Amino acid sequence: MAVITETETRGVEDASKRPLFLIMYKSDTIAAIATPMTGSGIGVLRISGVESFAIAEKVFEPWKKGKILSEQSAYTVHYGNIVDEGEIIDEVIVLIMKAPHSYTAEDTVEINCHGGSFVMKKILELLLRKGARLAEPGEFTKRAFLNGRIDLSQAEAVMDVIQAKNNYALQSSVSQLKGSLVGKIKDLREKILYEMAFIESALDDPEHYSLDGYPTVLREKLDRFIEEADSILLSSEEGRVIREGIRTAIIGKPNAGKSSLMNALLGSSRAIVTDMAGTTRDILEEQIQLRGLSLSILDTAGIRKTDDPVESIGVERAKKAAEDADLILYVVDSSDILDENDREIIAGLADKNVIILLNKNDLPTVTKMEMVTEQLQKPALYISARSGEGLEELSDLIESMFLSGGISFNDQVYLTNIRHQTAMRNAKNSLMMVMESIEKGLPEDFYSIDLMDAYESLGEITGEAVGEDLVNEIFSKFCMGK
Ligand code: GDP
């Protein structure tokens with residue numbers, strides 16, 4: 001096994017400011033398969049740590065005899081074979097990166113071999129035999145964090161990039177990866193730190209620093225800090241929509257065409273469509289992509305009064321789903337009269353985000369748009385789930401509702417991560433407490449306590465104030481080889 005040889009603090013501006021476990025971090029050399037084990041054209045194995053070159057040299061036979069990997073320039077590629085005791089395992093290209101200019105900020109070797117799971121495993125086993133340790137899930141990214149190359153929010157963004165399911169989620173993660181969130185948080189943290197330092201100095205050295213009139217000055221500054229926190233927090237709702245999709249509930253009385261609509265949107269036949277009223281008993285959930293946004297659609301059981309116990313559970317769940325939804329698509333059967341079921345549904349929708357869909361537009365119209373909109377003042381469209389008519393307009397409408405003003409990733413950050421949201425909220429609360437202390441005329445050292453709490457909470461986002469357990473938990477969610 002690899003020997004622990006070096007304390008890693010490379011790339012860190014001031015190691016003494018970091019939590020102890022970060023300073024104590026030692027690096028052995030790790031290896032893993034970075035590409036999926038599915039059999040593909042190319043597979044990549046990664047080695048990272050001080051022994052990377054030594055280990056790679058033991059298994060790599062360069063095409064040009066006598067070439068020594070560690071003596072080659074960084075970012076160069078080298079052609080040759082992976083060889084185990086004279087036996088060629090695969091023909092490969094090896095890419096070398098030197099500390100601190102690599103993903104992990106450590107010496108790194110990437111072996112590009114053929115992407116068969118057997119051959120990749122065989123090379124991995126060989127690397128482990130030659131002294132590397134099998135990397136834990138997320139350990140490469142964890143090292144990038146521990147070595148100070150990226151902060152915790154950026155490390156989490158790596159995972160978000162991997163998991164992004166739509167264009168906005170991807171853009172938001174990439175912007176966070178580039179440091180958009182860290183920038184804002186660090187800025188706010190520094191300003192808070194300045195105030196703490198000022199109070200401290202004034203209490204220590206009243207001759208040179210006066211606290212006269214300071215509460216008023218601080219109150220003004222706090223107003224701006226809280227405003228900043230609020231604007232970041234406000235983005236978190238949009239952030240959730242970006243990440244998880246718009247929670248959309250399709251509701252309407254039985255047979256209105258809810259399942260048909262869902263299928264039309266999905267372009268497949270996941271939900272069961274029947275002619276018998278009340279057959280969609282459960283809630284189906286599907287993700288659909290719409291102009292770069294994700295809609296997470298709940299196809300709910302038809303809402304109507306029922307004595308059937310199984311069906312009535314479905315109705316309850318439909319009402320609940322409608323309650324929690326970001327958007328409700330209320331499907332009306334326009335070929336039929338508006339009945340008591342519709343009136344009951346309408347009664348519960350007044351304060352919701354609703355689009356009225358007059359379905360079955362391919363049949364003669366019995367219920368006209370005005371008959372619904374005069375009872376429920378919401379945007380409405382004629383559609384046909386069967387022919388697909390009106391679905392483009394529906395997409396336009398949803399897009400304009402959720403992307404009003406458009407989403408920009410240049411100057412706005414989106415708090416997509418719940419952990420970050422909680423920390424931000426705590427920071428804001430602490431700042432409010434400082435306000436309260438000022439209002440109550442409490443002495444200045446009271447301010448410091450809450451300022452410190454705000455400072456710490458913000459540090460949780462960037463990873464400057466987190467414990468080892470949390471770091472381990474965050475990185476354990478990563479996939480292997482990342
Ligand atoms: P649900 O109970 O609200 O989920 O309704 P379904 O989607 O199961 O549809 C009920 C019936 O209406 C089925 O026979 C569908 O084929 C039919 N249907 C749904 N949408 C349309 C449409 O736009 N036009 C016509 N002509 N029939 C439709």
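**Contacts, cores and backbone features of the predicted chain**

Ser 395 is in contact (heavy atoms within 4.5 Å) with Leu 290 and Arg 291, leaving aside its neighbours within four places in sequence. Ser 395 belongs to helix 13, residues 391–402, where helices (H or I, at least four residues) and strands (E, at least two) are DSSP runs numbered from the N terminus. With a relative accessibility of 10%, Ser 395 counts as buried; buried denotes under 20% relative accessible area, exposed over 50%, and partly exposed the range in between (1.4 Å probe, protein chains only). The structure is a predicted model, in which local features need pLDDT of at least 70 and side-chain atom pairs count only at pLDDT 80 or more, whereas totals for chains, interfaces and linings use all residues. Residues are numbered from 1 along each chain as its sequence is written, and side-chain values use heavy atoms, with hydrogens and water left out.

The chain contains 16 helices and 15 strands. Of its 482 residues, 49% are buried. Among contacts with a separation of 6 or more, 67% are accounted for by residues 24 or more positions apart. The chain exposes about 23,000 Å², of which 52% is supplied by carbon and sulfur atoms; accessible areas come from the Shrake-Rupley method with a 1.4 Å probe, and for residues only the protein chains shown count as cover.

The largest nonpolar core comprises 30 residues, and those with the most contacts inside it are Ile 192, Leu 222, Met 424, Leu 431, Tyr 447 and Leu 451. Two or more residues are given to this core by each of helix 7 (180–204), helix 8 (214–244), helix 14 and helix 15 (444–462). Another core, of 25 residues, lies apart from it and includes Ile 47, Val 109, Ile 111 and Leu 124. A nonpolar core is defined as a set of buried Ala, Val, Leu, Ile, Met, Phe, Trp, Tyr and Cys residues joined through side-chain atoms within 4.5 Å. In soluble globular proteins, nonpolar side chains tend to be buried together.

Within the largest core, Leu 431 touches Ile 192, Leu 222, Phe 225, Ile 226, Leu 451 and Ala 454, not counting residues up to four places away in sequence. Met 424 is located in helix 14 and is buried, its relative accessible area being 0%. The C-alpha atoms of Met 424 and Ala 454 are separated by 8.5 Å, although these residues are 30 residues apart along the chain.

Helix 14 (residues 418–439) has 22 residues and reaches 31 Å from its first C-alpha to its last, close to the expected 32 Å; the expected span of a helix is 1.5 Å times one less than its number of residues. Just after helix 14, Gly 441 adopts a positive phi of about 70°. Helix 15 has 19 residues and reaches 28 Å between its first and last C-alpha, close to the expected 27 Å. The buried residues of helix 15 include Tyr 447, Leu 451, Ala 454, Leu 458 and Ile 461, together with polar residues such as Ser 448 and Asp 450. Helix 15 is followed by Gly 463, whose phi is positive, near 90°.

Glu 156 is found in helix 5 (residues 152–163) and counts as buried, at 4% relative accessibility. Beyond its neighbours within four places in sequence, Glu 156 is in contact with Asn 417, Arg 419, His 420 and Ile 474.

On the surface, Trp 63, Val 77, Tyr 79 and Ile 93 make a nonpolar patch of about 470 Å². Patches are made of residues with over 30% relative accessible area and no salt bridge, like charges being joined within 9 Å and nonpolar side chains (Val, Leu, Ile, Met, Phe, Trp, Tyr) within 5 Å; a salt bridge is a side-chain nitrogen of Lys or Arg within 4 Å of a carboxyl oxygen of Asp or Glu. Val 77 is placed in strand 6 (residues 76–84) and counts as exposed, at 55% relative accessibility.

Several loop residues have notable backbone geometry. The peptide bond from Ala 99 to Pro 100 is cis, with omega near 0°, and Pro 100 lies in the loop between strand 7 (87–97) and strand 8 (108–115). Glu 85, in the loop between strand 6 and strand 7, has a positive phi of about 45° although it is not a glycine; this residue is exposed, with a relative accessible area of 73%. Asn 255, likewise not a glycine, has a positive phi of about 75°. Asn 255 lies in the loop between strand 10 (246–251) and helix 9 (258–266) and counts as partly exposed, at 35% relative accessibility.
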